Amino acid sequence: MKRIYMDNAATSFPKAKGVAEAMTNYIENIGGNVGRGSYYNSYAAGSIVYETRELLCKLFHFDDPLKVVFTMNITQSLNMILKGFLKEGDHVLISSMEHNAVLRPLTSLKQKGIELDIIPCDNEGFLDPNSIKQYIKSNTKLLVITHASNVCGSIQEIKEIGKICKEHDIDFVLDSAQTAGILDIDFYDTYLSALTFTGHKGLLGPQGIGGFLITNEFSNKISPLIEGGTGSLSESYSQPEILPDKFESGTLNIPGIFGLNASLKYILSLGLENIRKKEKDLAKLFLDGLHNIENIKVVGSYDISKRTAVVSIDFQNIDNSEAAFILDNEYGIMTRVGLHCAPLAHKTLGTFPKGTVRFSFGYFTLEEDIFYALESIEKIAKL
Ligand SMILES: Cc1ncc(COP(=O)(O)O)c(C=O)c1O
């Protein structure tokens with residue numbers, strides 16, 4: 001049986017051309033650490049790490065490669081920022097579509113005296129930027145939002161939201177897990193304080209590499225969560241204040257960065273507009289087909305311009321877990337069922353605690369596979 005991957009919101013597959021080769025090249029032929037050796041191989045690795053920071057600047061229209069910090073993934077980036085920045089008495093705002101990567105650290109910070117307000121989104125997962133103002137208080141320090149939902153693909157109006165944050169002197173942090181490498185994000189036009197990213201989803205790179213881009217002003221307000229060796233200022237007993245070293249203690253995931261370097265080059269050579277167009281076409285094809293199938297409910301908006309290629313459906317005749325099992329077992333279609341680490345989003349969409357079956361397409365998804373998925377869904381919906 002043919003196996004069809006439709007779980008790109010969890011992690012993209014296949015990866016961009018060149019990723020595996022770049023990682024293998026580092027491990028087999030280069031192998032030096034970065035900033036910790038005065039020999040050719042260390043410099044060779046260091047130059048790819050620096051170039052990867054430059055590629056991220058190019059992708060996100062950012063100005064300074066040294067303000068690009070590498071972490072393991074976006075969850076680590078968000079934890080570092082939230083726990084390093086917020087102090088007792090601070091107030092933070094999030095939307096009701098956030099992933100547990102935002103919700104859980106903030107829930108634990110509430111026990112340390114941080115105030116949290118969750119701004120409701122509508123039942124298609126959209127946040128009305130105008131609704132933010134009524135939640136702003138004198139101690140509101142931060143707004144964190146996911147650019148697009150990992151449950152139903154709803155895209156938030158981040159430029160409008162950023163403007164409001166700027167007007168009220170609130171730092172603005174973006175979770176780009178579902179949009180980096182798919183939608184064009186302009187760091188400064190969006191008035192961001194930090195843009196967090198993960199390398200293994202739309203960026204088409206390997207797992208275990210992520211990071212954040214950050215302004216100097218915001219970085220100055222954050223204490224590093226992890227301190228230790230940076231390869232720089234070794235004479236000092238204290239963590240360096242300079243970026244990116246302040247937040248990059250310990251040896252980096254260098255094979256991961258080599259892989260990300262290759263995937264970023266691939267994405268930049270394709271062009272984001274082409275990637276977005278392909279994903280929009282795939283989502284439209286799928287949504288048009290779903291429209292005619294009985295016994296299923298599509299969660300979220302049908303408006304392609306306002307969503308990504310992440311589509312959740314709720315089977316009415318059969319348990320969603322069973323439907324996902326049949327999709328995999330009988331049709332070879334890989335999806336993700338349940339709450340997708342986003343119980344808050346499912347509550348907003350009216351699909352909690354049942355959850356949904358999520359289909360998420362990527363640049364490499366084939367049109368014929370969308371038709372096959374539609375046929376398979378139709379058969380299951382008739383059971
Ligand atoms: C919106 C959103 N935020 C955060 C994450 C966490 O990503 P990672 O596991 O790469 O840290 C995900 C991935 O599941 C996501 O979809």
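In the predicted model, helix α9 meets helix α11 through Ala323, Ile326, Leu327 and Tyr331 on the α9 side and Tyr372, Ser376, Ile377, Lys379 and Ile380 on the α11 side. By class, this contact of α9 with α11 comprises seven nonpolar residues, one polar residue and one charged residue. Helix α9 spans residues 320-331, and its axis comes within 11 Å of that of α11, with a crossing angle of roughly 125°. This angle falls in neither the parallel, the antiparallel nor the perpendicular range, and α9 is therefore classed as oblique to α11. The crossing of the two helices is right-handed.

Helix α11 (residues 367-381) also packs against helix α8 (residues 272-291), at an angle of about 20° and with the axes 10 Å apart. Because angles under 35 degrees count as roughly parallel, α8 is roughly parallel to α11. The passage of α8 across α11 is right-handed. On α8, the contact involves Leu282, Leu285, Phe286, Gly289 and Leu290, whereas α11 contributes Glu367, Ile370, Phe371, Ala373, Leu374 and Ile377. Nine nonpolar residues, one polar residue and one charged residue make up the contact of α8 with α11. Ile377 of α11 thus appears in the contact with α8 and again in the contact with α9.

A further helix pair is formed by α1 and α2. Helix α2 covers residues 40-60, and it packs with α1 at an angle of about 170°, the axes being 11 Å apart. Since an angle over 145 degrees counts as roughly antiparallel, α1 is roughly antiparallel to α2. In this pair, α1 passes α2 in a left-handed crossing. The residues in contact are Tyr26, Asn29 and Ile30 of α1, together with Asn41, Ala44 and Ala45 of α2. Four of the residues in the contact of α1 with α2 are nonpolar and two are polar, and no charged residues take part.

The ligand is surrounded by 13 residues, of which Thr75, Asp175, Gln178, Thr198 and Lys201 come nearest. Polar side-chain atoms of several of these residues approach the ligand. For threonine 75, an N or O atom of the side chain is 2.5 Å from a ligand oxygen atom. In the case of threonine 198, a polar side-chain atom lies 2.7 Å from an oxygen atom of the ligand. Aspartate 175 instead addresses a nitrogen atom of the ligand, with a polar side-chain atom at 2.7 Å.

Backbone geometry was also examined. Most residues other than glycine have a negative phi, and most peptide bonds are trans. Two cis peptide bonds may be noted against this background. Phenylalanine 13 and proline 14 are joined by a cis peptide bond, with omega about 0°, and proline 14 is located in the loop between β1 (4-5) and α1 (19-30). The peptide bond from leucine 243 to proline 244 is likewise cis, with omega near 0°. Proline 244 is placed in the loop between α6 (216-219) and α7 (254-270). Leucine 204, although not a glycine, has a positive phi of about 60°. This leucine 204 is found in the loop that runs between β7 (194-198) and β8 (210-214).

Note on methods. Residues are numbered from 1 along each chain as its sequence is written. This is a predicted model: local features need pLDDT of at least 70, side-chain atom pairs count only at pLDDT 80 or more; totals for chains, interfaces and linings use all residues. Side-chain values use heavy atoms; hydrogens and water are left out. Axes are lines fitted to C-alpha atoms, for helices over the stretch in contact, and angles run from 0 to 180 degrees between N-to-C directions. Helices (H or I, at least four residues) and strands (E, at least two) are DSSP runs, numbered from the N terminus. Angles under 35 degrees count as roughly parallel, over 145 as roughly antiparallel, 65 to 115 as roughly perpendicular and the rest as oblique. A crossing is left-handed if the near helix is turned anticlockwise from the far one by less than a right angle, and right-handed if clockwise. Contact means heavy atoms within 4.5 Å. Ala, Val, Leu, Ile, Met, Phe, Trp, Tyr, Cys and Pro count as nonpolar, Asp, Glu, Lys and Arg as charged, and the others, Gly among them, as polar. A residue is near a molecule or strand if one of its heavy atoms lies within 4 Å of it. A polar contact is a pair of N or O atoms within 3.5 Å; within protein, one must be able to donate a hydrogen and the other to accept it, and residues adjacent in sequence count only if both atoms are side-chain atoms.
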